[in-house]
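Here's a quick briefing for anyone opening this structure for the first time. Take a look at the picture, then read on.

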Amino acid sequence: MDRYSEVKKKERIWVWGMGRLAKSYIHNIDANLNICGFCDVDTGKHGKSFDWRGRVIKCFSPDSIHNEDGVIIAIENKKLVAEISKSLDEKQIVWCHIFDSVKAYYSSIEKYVQWKEIDNEEKKIVKFDYYRVFNVKKI
């Protein structure tokens, strides 16, 4: 079974990262997921909130995550993703990347995401045609 399928079964799901990637893609995941909060190592973000589909979701420390929770990692930096996922694996916490969540919800998205190599193995998204994928008009 894929990682996203395991995460979506959880009663509490955290979004790890409250930066640009999370804010760009959080509205493109299944609204039925029980997102209980964001978590971030940046203490300056703790207590801040973000509106997700009419719900106010606050940011907490990653220490708030419990073994029975699921995590959606919303970070671009592949090295950080590797560190976070390793830590979650060691704690036996199920996780997936936010792109897995978006792809599961909009199965046609993958062909619109392009990757560009940056410094060794670090990768960042360089293009995502939101308007074409979701068939909405630019405002």
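Before we get to the sheet, one term: two strands count as paired if DSSP finds at least two bridges between them. What you're looking at is a predicted model. On that footing, six strands make up an open sheet with mixed pairing, in the order β3-β4-β2-β1-β5-β6.

**The overall picture**
- The chain has five helices and eight strands.
- Starting at the N terminus, those elements follow the pattern α-β-α-β-β-β-β-α-β-α-β-β-α.
- The chain is 139 residues long, and 41% of them count as buried.
- About 8400 Å² of the chain is exposed, with carbon and sulfur atoms supplying 46% of that area.
- Take the contacts between residues at least 6 apart in sequence: 52% of them join residues at least 24 apart.

**The sheet and its helices**
- At the edges sit β3 and β6 (94-97), each of which pairs on one side only.
- Going from one strand to the next, the twist averages 30°.
- Strands β1 (residues 13-16) and β2 (residues 35-39) run parallel and are joined by four bridges; W14 stands opposite G37 in β2.
- Helix α3 (residues 78-90) packs on the sheet and touches β1, β5 (70-73) and β6, with its direction at about 175° to that of β5.
- Helix α4 (residues 98-105) packs on the sheet too, touching β5 and β6, and its direction makes about 75° with that of β6.

**The β3-β4 hairpin**
- β3 and β4 form a hairpin with two residues between them, and R53 in the turn has a positive phi of about 50°.
- The two strands run antiparallel, with four bridges joining β3 to β4 (residues 55-60).
- D51 stands opposite V56 in β4.
- In a regular strand, side chains alternate between the two faces of the sheet.
- You can see that along β3 (residues 49-52): F50 and W52 point to one face and are buried, while S49 and D51 point to the other and are not.

**The cysteines**
- How many disulfides does a search of the whole structure find? The count is zero.
- For C39, the nearest cysteine sulfur belongs to C59 and lies 6.9 Å away; a disulfide needs the two sulfur atoms within 2.5 Å, so C39 is in none.
- C39 has a relative accessible area of 0%, and C96 likewise comes out at 0%. Buried means under 20%, so C39 and C96 both count as buried.

Technical notes: Residues numbered from 1 in each chain as written. Predicted model: local features only at pLDDT ≥ 70, side-chain atom pairs only at ≥ 80, totals over all residues. Heavy atoms only, no water. Buried < 20%, exposed > 50% of the residue type's maximum accessible area, 1.4 Å probe, protein only. Contact = heavy atoms within 4.5 Å. Areas by Shrake-Rupley, 256 points an atom, 1.4 Å probe, with all protein chains shown as cover. Axes fitted to C-alpha atoms, helices over the stretch in contact; angles between N-to-C directions.
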